[in-house]
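Trainee: I am new to this structure. Please take one part and go through it closely, step by step.

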Amino acid sequence: MSLTLHEIERLAQLARLQLTPEQALDAQQRLNGFLGLVEQMQAVDTTGVEPLAHPTAVMQPVQLRLRPDVASEPNQRAANQASAPAVEDGLYLVPRVIE
Amino acid sequence: MSAAALDLHQMGVAELGAALHARQTSATEVAQHLLARAHAHSGLGAYLALNEAATLAQAAAADARLSAGERGPLLGVPLAHKDVLVTRDFPTTAGSNMLQGYRSPFDATVVQRLAAAGAVTLGKLNCDEFAMGSGNDQSAYGPAHNPWDRTRVPGGSSGGSAVAVAARLAPAATGTDTGGSIRQPASFCGVTGIKPTYGRCSRYGLVAYASSLDQAGPMARSAHDCALLLSAMAGPDLDRDSTSLEQPPEDYSRYLAQPWPGASASRPLQGLRIGLPREFFGPGCASDVLQAVRAALSELERLGATLLDIDLPRTELAIPAYYIIAPAEASSNLSRFDGVRYGHRAAQPSDLLDLYQRSRSEAFGPEVQRRILLGTYVLSHGYYDAYYLKAQQIRRLIAQDFQTAFARCDLIAGPVAPSVAWAIGAKTADPLAAYLADIYTLPASLAGLPGMSVPAGFGADPLPVGLQLIGNYLSEARLLQVAHQLQRVSDWHTRVPQGF
């Protein structure tokens, strides 16, 4: 399994990254190098093995909790927007989306 | 420098706590002394941010609590935080240009808990960008230098934390460990560090890398000091971290003064069975590391422990499994950096897509971009089953192998890393070589088990070597007990690099 430059560019687009031609080549080389390492994994028979998403599920059943659906935090809009790169009137600014 | 001032930075957490209680020094005096040292040794690259006014205000508050008669093991004790834990009083960059100058509106739970216990924050510590790296050479703010040899890496990703503790810039620090990021730098710098069971310490306010693996923990100069910090850091945070364990808070120092159950004071580890995975002692590990690890194991044997060979047959598979699962989760977690709500924003974007793409490409470093691409690939349509699900199946097999091993032994020991610290830059151009060097720390990370690095002497050149101890789930207090018994009869953890 090895990735073509075209596939690298497609991945970059999916990941919202913009690669220079040099970066794309570098990424292609390194990802393909890594995928070689992954081959050994494909040789392992995992038929019937349940994927482990939450590590301590091995120790005890994991039940994801839900909080009561009530407002527990005060309004902190000003504090939360203090590090935003562009805000106006409490709103985040983005480039025009609809002409 | 006066003799008294010299002593302050050589004192560990427990010692400082005792001196503060006895009013032999004050939190303000200790903080001032260590801030001066941080400036004097800024060339080590340990700190990314200091805020003297905030530190001294915290110290004054601790002094007021001490004056009012309040007592606590961390009250007035200074420490520093890895820069992936968000803090109100200091900027949080996660070692990335993406978050240059970012100020969190809240403190991470572990930061807040240590502050509530009276610990004084000295500053924020260097790390690999978004904790992705094992040499601290992937920080956007330059490398941190190993105080034992400044041309060597301190390890990573919690490199700044290990440097600060080893160079006596702070008695203790927080670190985070996703695939070895506490244990490996602790090993490379000769300090003690523990990654708790996944879910022990809240991930609230920990800048997310790989959420099913990320875990915070303490780094300090002894197991005793780590136990004091962990007791304050850990505990349920059920409303803020959905994977926080529902386990009551513990005093992790409770076994330190005791022998192993059933043992006597003269042979305090009698009855302890330590499993040595054959896969950790093979030709892949440098002989100087193996020699130091075996010497430390002999000390444990002299204390009464029994050593036995065990197998962790899927150790090698931990590398591909980890480097699929972690980048997959990272690619999802890091999608939040969009140039809109926080972080770097590209100048004059032509449209929304241009804003996203340029903001991210301009601000993420090369290793972060590689891992995002890899993660995007393994999660993409048509490959998800072959890579991500397969890796999670292997993750379960690795976790089951540990349970098989723990039927025969109480804890597992081996090297932390296959070599001592490498030269800065040696693996920057070859990330695959750096991935392979994570082999001994990744299995416990994937299984969510607690693991420690305990100083075990020196290898070539001479640079520190760490002994890794891996326990079963929730066994941190026992791990710390065994490490403490070793530190009672050895002095490796007390060694100070020359000039510090």
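Mentor: Let us take helix H9 of chain B, residues 287–302. Keep in mind that this is a predicted model. Start with length: H9(B) has 16 residues, and at 1.5 Å a residue they should span 22 Å. The end C-alpha atoms of H9(B) are 22 Å apart, which agrees with that expectation.

Next, look at which residues are covered. The buried residues of H9(B) are Val289(B), Ala292(B), Val293(B), Ala296(B), Glu299(B) and Leu300(B). Viewed down the axis of H9(B), these buried residues fall within an arc of 110°, so they line one face of the helix. The spacing along the chain has a general background: an α-helix has 3.6 residues a turn, so residues three or four places apart point the same way.

Now turn to the surroundings. Among the elements that cover the buried residues of H9(B) are four strands of chain B, namely S7 (273–277), S9 (411–415), S10 (451–458) and S11 (464–471). Helix H16 (476–489) of chain B is also part of that cover.

On the face of H9(B) turned away from the buried side, the picture changes. That face carries Ser287(B), Ser298(B) and Arg302(B), which are exposed.

Finally, follow the chain past the end of the helix. Just after H9(B) comes Gly304(B), with a positive phi of about 115°.

To put the two sides together: Val289(B) and Leu300(B) are among the buried residues of H9(B), whereas Ser298(B) is one of the exposed residues on the face turned away from them.

How values were computed. Residues numbered from 1 in each chain as written. Chains lettered and ligands numbered in written order. Predicted model: local features only at pLDDT ≥ 70, side-chain atom pairs only at ≥ 80, totals over all residues. Expected span 1.5 Å × (residues − 1). Buried ≥ 20, exposed ≤ 12 C-beta atoms within 10 Å, placed from the backbone. Arc of directions from axis to C-beta. Contact = placed C-beta atoms within 7 Å.
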